[in-house]
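User: I would like to go through the labels used for this model and see what each one rests on.

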Amino acid sequence: MHVETVCVSAGRNDRPGEPLNVPPVFASSFRTGGEYDYARNEGTPTWAALEDAVGRLEGGTATAYASGMGAVAAVVDLLPPGSRVVVPVDSYTAVRHLVAARGHTVDLRDITDTAATLAAADGAALLWLESPTNPLMDVADLPALCAANTLVAVDNTFATPLLQQPLALGADVVMHSGSKYLGGHADLLIGLTVTADPDLAARQRRHRVLAGATPGGMEAFLATRGLRTLALRVRQAQASAGELAVRLARHPAVTRVRYPGLPSDPGHTRAAKQMTGFGAMMSFEVAGGAAAADAVCAALRVVNAATSLGGVESTIERRARLAGQEHVPPSLLRLSVGCEHVEDLWADLDAALSG
Ligand SMILES: *Cc1c(COP(=O)(O)O)cnc(C)c1O
(Lines give C-alpha, C1' and ligand atoms only; values in the text may rest on other atoms or scores of the structure.)
Protein backbone atom coordinates (compact mmCIF):
# COMPACT_ATOMS: atom_id res chain seq x y z
CA MET A 1 0.00 0.00 0.00
CA HIS A 2 1.20 3.52 -0.76
CA VAL A 3 1.91 5.88 2.15
CA GLU A 4 -0.92 8.16 0.98
CA THR A 5 -3.38 5.29 1.44
CA VAL A 6 -1.93 4.32 4.82
CA CYS A 7 -2.39 7.93 6.01
CA VAL A 8 -6.07 7.77 5.12
CA SER A 9 -6.95 4.22 6.08
CA ALA A 10 -4.74 3.12 9.01
CA GLY A 11 -5.97 3.18 12.60
CA ARG A 12 -9.68 2.92 11.81
CA ASN A 13 -12.51 0.99 13.40
CA ASP A 14 -13.49 -1.95 11.21
CA ARG A 15 -16.40 -3.44 13.18
CA PRO A 16 -19.94 -2.98 11.78
CA GLY A 17 -21.83 -0.20 13.46
CA GLU A 18 -18.72 1.52 14.82
CA PRO A 19 -17.79 5.06 13.75
CA LEU A 20 -15.26 5.10 10.87
CA ASN A 21 -12.78 6.94 13.08
CA VAL A 22 -11.83 5.93 16.60
CA PRO A 23 -13.37 8.76 18.63
CA PRO A 24 -11.55 10.57 21.44
CA VAL A 25 -11.85 8.25 24.43
CA PHE A 26 -11.64 10.31 27.61
CA ALA A 27 -10.80 7.71 30.20
CA SER A 28 -8.22 7.00 32.86
CA SER A 29 -10.02 3.86 34.11
CA PHE A 30 -11.76 1.07 32.22
CA ARG A 31 -14.03 -1.68 33.58
CA THR A 32 -11.98 -4.62 34.73
CA GLY A 33 -11.65 -7.64 32.49
CA GLY A 34 -11.01 -6.02 29.10
CA GLU A 35 -7.98 -5.03 27.01
CA TYR A 36 -7.64 -1.69 28.79
CA ASP A 37 -7.40 -1.23 32.53
CA TYR A 38 -5.73 2.09 33.36
CA ALA A 39 -4.73 4.46 30.53
CA ARG A 40 -1.17 5.15 31.63
CA ASN A 41 -0.47 1.40 31.59
CA GLU A 42 -2.28 0.00 28.54
CA GLY A 43 -3.08 3.21 26.69
CA THR A 44 -6.49 3.97 25.17
CA PRO A 45 -8.16 3.06 21.85
CA THR A 46 -7.53 6.65 20.69
CA TRP A 47 -3.77 6.44 21.32
CA ALA A 48 -3.73 2.99 19.71
CA ALA A 49 -5.31 4.33 16.50
CA LEU A 50 -2.56 6.96 16.14
CA GLU A 51 0.17 4.48 17.05
CA ASP A 52 -1.14 1.96 14.55
CA ALA A 53 -1.13 4.55 11.77
CA VAL A 54 2.29 6.06 12.47
CA GLY A 55 3.78 2.59 13.11
CA ARG A 56 2.60 1.44 9.71
CA LEU A 57 3.93 4.58 8.02
CA GLU A 58 7.40 4.20 9.55
CA GLY A 59 7.54 0.39 9.56
CA GLY A 60 7.64 -0.42 13.28
CA THR A 61 5.88 -0.22 16.63
CA ALA A 62 4.93 3.34 17.56
CA THR A 63 4.46 4.75 21.06
CA ALA A 64 2.80 8.14 21.56
CA TYR A 65 3.82 10.67 24.24
CA ALA A 66 2.66 14.02 25.51
CA SER A 67 5.09 15.86 23.18
CA GLY A 68 8.07 15.37 20.92
CA MET A 69 10.37 15.91 23.89
CA GLY A 70 8.48 13.20 25.78
CA ALA A 71 9.45 10.90 22.91
CA VAL A 72 13.08 12.06 23.01
CA ALA A 73 13.19 11.27 26.74
CA ALA A 74 11.94 7.74 26.05
CA VAL A 75 15.09 7.20 23.97
CA VAL A 76 17.65 9.12 26.03
CA ASP A 77 16.51 7.74 29.42
CA LEU A 78 17.14 4.13 28.33
CA LEU A 79 20.89 4.74 28.05
CA PRO A 80 23.24 3.56 30.80
CA PRO A 81 24.11 6.35 33.28
CA GLY A 82 26.97 8.60 32.13
CA SER A 83 26.73 7.70 28.44
CA ARG A 84 28.29 9.66 25.61
CA VAL A 85 25.74 10.78 23.02
CA VAL A 86 26.63 12.16 19.59
CA VAL A 87 24.28 15.03 18.73
CA PRO A 88 24.32 17.22 15.58
CA VAL A 89 25.65 20.76 16.13
CA ASP A 90 22.66 21.89 14.13
CA SER A 91 19.59 20.21 15.59
CA TYR A 92 16.60 20.81 17.85
CA THR A 93 18.29 22.49 20.82
CA ALA A 94 16.19 20.91 23.58
CA VAL A 95 17.57 17.48 22.67
CA ARG A 96 21.13 18.37 23.72
CA HIS A 97 19.83 20.07 26.87
CA LEU A 98 17.89 16.94 27.82
CA VAL A 99 20.88 14.66 27.14
CA ALA A 100 23.00 16.89 29.41
CA ALA A 101 20.26 17.20 32.05
CA ARG A 102 20.10 13.41 32.30
CA GLY A 103 23.83 13.35 33.13
CA HIS A 104 25.07 12.11 29.77
CA THR A 105 27.95 13.65 27.82
CA VAL A 106 26.90 15.65 24.74
CA ASP A 107 29.32 15.15 21.85
CA LEU A 108 28.37 17.79 19.24
CA ARG A 109 29.28 16.92 15.64
CA ASP A 110 28.79 18.24 12.13
CA ILE A 111 26.75 15.34 10.76
CA THR A 112 27.36 16.34 7.13
CA ASP A 113 30.90 14.99 7.74
CA THR A 114 30.06 11.28 7.52
CA ALA A 115 33.53 9.91 8.32
CA ALA A 116 34.00 12.12 11.39
CA THR A 117 30.48 11.36 12.65
CA LEU A 118 30.99 7.61 12.26
CA ALA A 119 34.31 7.87 14.12
CA ALA A 120 32.61 9.79 16.94
CA ALA A 121 29.74 7.27 17.07
CA ASP A 122 32.22 4.48 17.73
CA GLY A 123 32.00 3.79 21.46
CA ALA A 124 29.11 6.22 21.99
CA ALA A 125 25.85 4.90 23.46
CA LEU A 126 23.66 6.76 20.98
CA LEU A 127 24.02 8.56 17.67
CA TRP A 128 21.20 11.10 17.47
CA LEU A 129 20.48 12.30 13.94
CA GLU A 130 18.23 14.87 12.36
CA SER A 131 17.92 15.28 8.58
CA PRO A 132 17.25 17.77 7.19
CA THR A 133 18.48 19.65 10.26
CA ASN A 134 16.83 22.52 12.10
CA PRO A 135 17.38 25.26 10.91
CA LEU A 136 20.38 24.96 8.56
CA MET A 137 18.72 22.27 6.40
CA ASP A 138 21.87 20.10 6.46
CA VAL A 139 21.35 16.66 4.99
CA ALA A 140 23.06 13.70 6.68
CA ASP A 141 24.00 10.57 4.73
CA LEU A 142 21.44 8.43 6.57
CA PRO A 143 22.25 5.00 5.02
CA ALA A 144 25.95 5.45 5.88
CA LEU A 145 25.38 6.86 9.38
CA CYS A 146 22.64 4.39 10.31
CA ALA A 147 25.22 1.63 9.79
CA ALA A 148 27.17 3.01 12.81
CA ASN A 149 27.97 0.40 15.41
CA THR A 150 25.74 1.98 18.05
CA LEU A 151 22.08 2.79 18.69
CA VAL A 152 20.97 5.24 15.99
CA ALA A 153 17.92 7.48 16.41
CA VAL A 154 16.58 9.79 13.70
CA ASP A 155 14.36 12.79 14.36
CA ASN A 156 12.10 12.60 11.28
CA THR A 157 9.96 15.63 12.14
CA PHE A 158 11.02 17.78 9.15
CA ALA A 159 10.79 15.06 6.51
CA THR A 160 7.68 13.22 7.76
CA PRO A 161 7.24 9.49 6.99
CA LEU A 162 5.81 10.51 3.65
CA LEU A 163 9.20 11.68 2.36
CA GLN A 164 11.71 9.67 4.41
CA GLN A 165 11.55 6.41 6.32
CA PRO A 166 14.65 6.12 8.52
CA LEU A 167 13.98 2.55 9.76
CA ALA A 168 14.18 1.34 6.15
CA LEU A 169 17.48 3.25 5.86
CA GLY A 170 18.89 1.35 8.87
CA ALA A 171 17.97 3.47 11.90
CA ASP A 172 17.05 1.73 15.18
CA VAL A 173 14.45 4.25 16.25
CA VAL A 174 12.56 7.15 14.69
CA MET A 175 11.26 10.09 16.70
CA HIS A 176 8.51 12.53 15.68
CA SER A 177 7.26 15.76 17.06
CA GLY A 178 3.66 15.18 16.00
CA SER A 179 3.05 18.79 17.04
CA LYS A 180 4.34 19.71 13.55
CA TYR A 181 3.41 17.98 10.26
CA LEU A 182 1.53 14.96 11.62
CA GLY A 183 -0.96 17.14 13.52
CA GLY A 184 -0.54 19.80 10.86
CA HIS A 185 -2.65 22.62 12.30
CA ALA A 186 -0.55 24.20 15.08
CA ASP A 187 -3.18 23.21 17.63
CA LEU A 188 -1.66 20.34 19.65
CA LEU A 189 1.44 18.87 21.26
CA ILE A 190 2.21 15.17 20.79
CA GLY A 191 5.25 12.99 20.10
CA LEU A 192 6.04 9.47 18.94
CA THR A 193 8.84 6.95 18.82
CA VAL A 194 8.83 4.11 16.30
CA THR A 195 11.11 1.08 16.30
CA ALA A 196 11.10 -2.36 14.66
CA ASP A 197 13.00 -3.82 17.65
CA PRO A 198 10.38 -5.45 19.95
CA ASP A 199 12.66 -5.21 23.00
CA LEU A 200 13.29 -1.48 22.45
CA ALA A 201 9.57 -0.92 21.84
CA ALA A 202 8.74 -2.65 25.13
CA ARG A 203 11.30 -0.51 26.99
CA GLN A 204 9.87 2.64 25.46
CA ARG A 205 6.33 1.64 26.50
CA ARG A 206 7.65 0.97 30.00
CA HIS A 207 9.28 4.40 30.04
CA ARG A 208 5.90 5.96 29.25
CA VAL A 209 4.28 3.94 32.07
CA LEU A 210 6.91 5.06 34.58
CA ALA A 211 7.71 8.63 33.46
CA GLY A 212 4.07 9.32 32.59
CA ALA A 213 4.44 11.50 29.48
CA THR A 214 1.08 10.29 28.21
CA PRO A 215 -0.74 12.00 25.32
CA GLY A 216 -4.11 13.63 25.85
CA GLY A 217 -7.21 11.97 24.39
CA MET A 218 -8.16 14.99 22.30
CA GLU A 219 -4.56 15.48 21.12
CA ALA A 220 -4.26 11.86 19.98
CA PHE A 221 -7.61 12.11 18.16
CA LEU A 222 -6.62 15.38 16.45
CA ALA A 223 -3.21 14.01 15.48
CA THR A 224 -4.84 11.04 13.72
CA ARG A 225 -7.29 13.40 12.06
CA GLY A 226 -4.36 15.51 10.89
CA LEU A 227 -2.57 12.45 9.58
CA ARG A 228 -5.48 11.76 7.20
CA THR A 229 -4.46 14.78 5.12
CA LEU A 230 -0.68 14.57 5.64
CA ALA A 231 0.01 13.60 2.03
CA LEU A 232 -2.23 16.34 0.61
CA ARG A 233 -0.74 18.99 2.86
CA VAL A 234 2.89 18.00 2.37
CA ARG A 235 2.58 17.66 -1.42
CA GLN A 236 0.92 21.08 -1.72
CA ALA A 237 3.38 22.79 0.62
CA GLN A 238 6.35 21.07 -0.99
CA ALA A 239 5.36 22.21 -4.48
CA SER A 240 5.10 25.79 -3.23
CA ALA A 241 8.40 25.50 -1.34
CA GLY A 242 10.23 24.38 -4.48
CA GLU A 243 8.90 27.39 -6.38
CA LEU A 244 9.55 29.86 -3.55
CA ALA A 245 13.12 28.61 -3.08
CA VAL A 246 13.91 29.32 -6.75
CA ARG A 247 12.35 32.78 -6.59
CA LEU A 248 13.98 33.66 -3.26
CA ALA A 249 17.39 32.60 -4.60
CA ARG A 250 16.96 35.19 -7.39
CA HIS A 251 15.72 37.96 -5.09
CA PRO A 252 18.24 40.84 -4.70
CA ALA A 253 17.56 41.12 -0.93
CA VAL A 254 18.33 37.43 -0.32
CA THR A 255 21.95 36.38 0.07
CA ARG A 256 21.52 32.62 0.46
CA VAL A 257 18.74 30.02 0.31
CA ARG A 258 19.07 26.65 2.04
CA TYR A 259 16.67 24.12 0.52
CA PRO A 260 17.76 20.61 -0.47
CA GLY A 261 15.48 20.77 -3.51
CA LEU A 262 17.74 23.37 -5.16
CA PRO A 263 20.28 21.54 -7.37
CA SER A 264 22.97 23.94 -6.07
CA ASP A 265 22.27 23.02 -2.41
CA PRO A 266 25.07 21.03 -0.70
CA GLY A 267 22.50 18.47 0.51
CA HIS A 268 20.73 18.02 -2.84
CA THR A 269 22.37 14.78 -4.03
CA ARG A 270 22.01 13.03 -0.66
CA ALA A 271 18.42 14.16 -0.22
CA ALA A 272 17.52 13.00 -3.74
CA LYS A 273 18.82 9.52 -2.85
CA GLN A 274 17.20 9.03 0.55
CA MET A 275 14.03 11.14 0.36
CA THR A 276 11.05 10.91 -2.01
CA GLY A 277 10.67 14.71 -1.94
CA PHE A 278 12.53 17.71 -0.55
CA GLY A 279 9.85 18.86 1.86
CA ALA A 280 8.43 22.26 2.69
CA MET A 281 11.02 23.60 5.14
CA MET A 282 13.71 26.06 4.04
CA SER A 283 15.91 28.79 5.42
CA PHE A 284 17.18 31.94 3.78
CA GLU A 285 19.45 34.81 4.74
CA VAL A 286 18.75 38.42 3.94
CA ALA A 287 21.07 41.35 3.28
CA GLY A 288 21.29 43.85 6.16
CA GLY A 289 21.67 41.48 9.10
CA ALA A 290 19.35 40.74 12.01
CA ALA A 291 17.50 44.06 11.90
CA ALA A 292 16.62 43.61 8.23
CA ALA A 293 15.47 40.05 8.90
CA ASP A 294 13.28 41.20 11.80
CA ALA A 295 11.78 43.88 9.55
CA VAL A 296 10.87 41.23 6.97
CA CYS A 297 9.06 39.19 9.64
CA ALA A 298 7.20 42.27 10.87
CA ALA A 299 6.11 43.23 7.34
CA LEU A 300 4.66 39.85 6.34
CA ARG A 301 0.86 39.62 6.23
CA VAL A 302 0.13 36.12 4.87
CA VAL A 303 3.12 34.31 6.34
CA ASN A 304 2.82 34.22 10.15
CA ALA A 305 5.73 35.45 12.27
CA ALA A 306 5.69 32.57 14.72
CA THR A 307 7.80 29.71 15.93
CA SER A 308 7.11 26.06 15.09
CA LEU A 309 6.40 24.54 11.71
CA GLY A 310 4.57 21.96 9.70
CA GLY A 311 1.09 23.50 9.81
CA VAL A 312 -1.30 24.42 7.02
CA GLU A 313 -0.35 28.02 7.85
CA SER A 314 3.10 29.26 6.76
CA THR A 315 5.33 30.40 9.61
CA ILE A 316 8.64 32.27 9.65
CA GLU A 317 11.14 32.88 12.42
CA ARG A 318 14.58 34.45 12.79
CA ARG A 319 16.20 31.55 14.56
CA ALA A 320 19.30 33.32 15.88
CA ARG A 321 17.05 35.31 18.24
CA LEU A 322 16.73 32.12 20.31
CA ALA A 323 19.25 30.83 22.85
CA GLY A 324 21.47 27.98 21.70
CA GLN A 325 21.47 29.14 18.08
CA GLU A 326 24.87 30.84 18.14
CA HIS A 327 26.00 28.84 15.07
CA VAL A 328 23.08 30.19 13.04
CA PRO A 329 23.69 33.28 10.82
CA PRO A 330 21.99 36.32 12.46
CA SER A 331 19.81 37.12 9.42
CA LEU A 332 18.69 33.53 8.78
CA LEU A 333 14.93 33.14 8.50
CA ARG A 334 13.44 29.66 8.79
CA LEU A 335 10.33 29.35 6.64
CA SER A 336 7.75 26.59 7.03
CA VAL A 337 5.76 26.75 3.82
CA GLY A 338 2.08 26.01 4.36
CA CYS A 339 -0.91 25.43 2.11
CA GLU A 340 -1.79 29.01 1.09
CA HIS A 341 -1.67 29.76 -2.65
CA VAL A 342 1.94 30.03 -3.78
CA GLU A 343 1.33 33.38 -5.53
CA ASP A 344 -0.08 34.90 -2.33
CA LEU A 345 2.96 33.64 -0.42
CA TRP A 346 5.31 35.03 -3.03
CA ALA A 347 3.59 38.42 -3.21
CA ASP A 348 3.83 38.64 0.59
CA LEU A 349 7.51 37.63 0.73
CA ASP A 350 8.48 39.84 -2.20
CA ALA A 351 6.75 42.88 -0.69
CA ALA A 352 8.32 42.30 2.75
CA LEU A 353 11.78 41.77 1.27
CA SER A 354 11.50 44.80 -0.98
CA GLY A 355 10.20 46.83 2.03
C1 LIG B 1 9.35 20.67 17.71
C2 LIG B 1 10.46 19.72 17.51
C3 LIG B 1 10.86 18.84 18.53
C4 LIG B 1 10.20 18.84 19.90
O5 LIG B 1 8.86 18.48 19.82
P6 LIG B 1 7.72 19.05 20.84
O7 LIG B 1 6.49 18.41 20.30
O8 LIG B 1 7.73 20.53 20.75
O9 LIG B 1 8.09 18.56 22.19
C10 LIG B 1 11.90 17.97 18.27
N11 LIG B 1 12.53 17.98 17.07
C12 LIG B 1 12.18 18.80 16.06
C13 LIG B 1 12.91 18.76 14.78
C14 LIG B 1 11.14 19.71 16.26
O15 LIG B 1 10.80 20.54 15.27
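The exchange below takes the labels in turn, beginning with the ligand site.

User: What kind of model is this, and how are residues numbered?
Analyst: The model is predicted, with local features needing pLDDT of at least 70 and side-chain atom pairs counting only at pLDDT 80 or more, while totals for chains, interfaces and linings use all residues. Residues are numbered from 1 along each chain as its sequence is written, and side-chain values use heavy atoms, with hydrogens and water left out.

User: What makes a residue part of the shell around the ligand, and which residues are in it?
Analyst: The criterion is a heavy atom of the residue within 4 Å of the molecule. Ser67, Gly68, Met69, Tyr92, Asp155, Thr157, Met175, Ser177, Ser179, Lys180, Ile190 and Leu309 are the residues around the ligand. Helix H4 (68–76) and strand S6 (173–177) each supply at least two residues of this shell; helices (H or I, at least four residues) and strands (E, at least two) are DSSP runs, numbered from the N terminus.

User: How do the shell residues divide into nonpolar, polar and charged?
Analyst: There are 5 nonpolar, 5 polar and 2 charged residues in the shell. Ala, Val, Leu, Ile, Met, Phe, Trp, Tyr, Cys and Pro count as nonpolar, Asp, Glu, Lys and Arg as charged, and the others, Gly among them, as polar.

User: Why is the pair between Asp155 and the ligand called a polar contact?
Analyst: A polar contact is a pair of N or O atoms within 3.5 Å; within protein, one must be able to donate a hydrogen and the other to accept it, and residues adjacent in sequence count only if both atoms are side-chain atoms. A polar side-chain atom of Asp155 is 2.6 Å from a nitrogen atom of the ligand, so the pair qualifies. The protein buries 94% of the 380 Å² that the ligand exposes when taken alone, with areas from the Shrake-Rupley method and a 1.4 Å probe.

User: Which backbone atoms lie at polar contact distance from the ligand?
Analyst: A polar backbone atom of Gly68 is 2.8 Å from an oxygen atom of the ligand. For Met69, a backbone N or O atom lies 2.9 Å from a ligand oxygen.

User: What makes H4 mostly covered?
Analyst: Of its 9 residues, 8 are buried, meaning under 20% relative accessible area (exposed is over 50%, partly exposed in between; 1.4 Å probe, protein chains only). The buried residues of H4 are Gly68, Gly70, Ala71, Val72, Ala73, Ala74, Val75 and Val76.

User: Why is Ser314 called buried, and Ser308 partly exposed?
Analyst: Ser314 has 1% relative accessibility, so it counts as buried. Ser308 has a relative accessible area of 28% and is therefore partly exposed. Ser314 is in the loop between strand S10 (304–305) and strand S11 (315–318), and Ser308 is in the loop between S10 and S11. A polar side-chain atom of Ser314 lies 2.7 Å from the backbone nitrogen of Gly338.

User: What is notable about the backbone in the loop between S4 and H7?
Analyst: Most residues other than glycine have a negative phi, and most peptide bonds are trans. Pro132 lies in the loop between strand S4 (126–130) and helix H7 (142–145), and a cis peptide bond with omega about -10° joins Ser131 to Pro132. Pro135 is in the loop between S4 and H7; a cis bond with omega about 0° joins Asn134 to Pro135. Phi of Met137 is positive, near 60°, and Met137 counts as buried at 2% relative accessibility.
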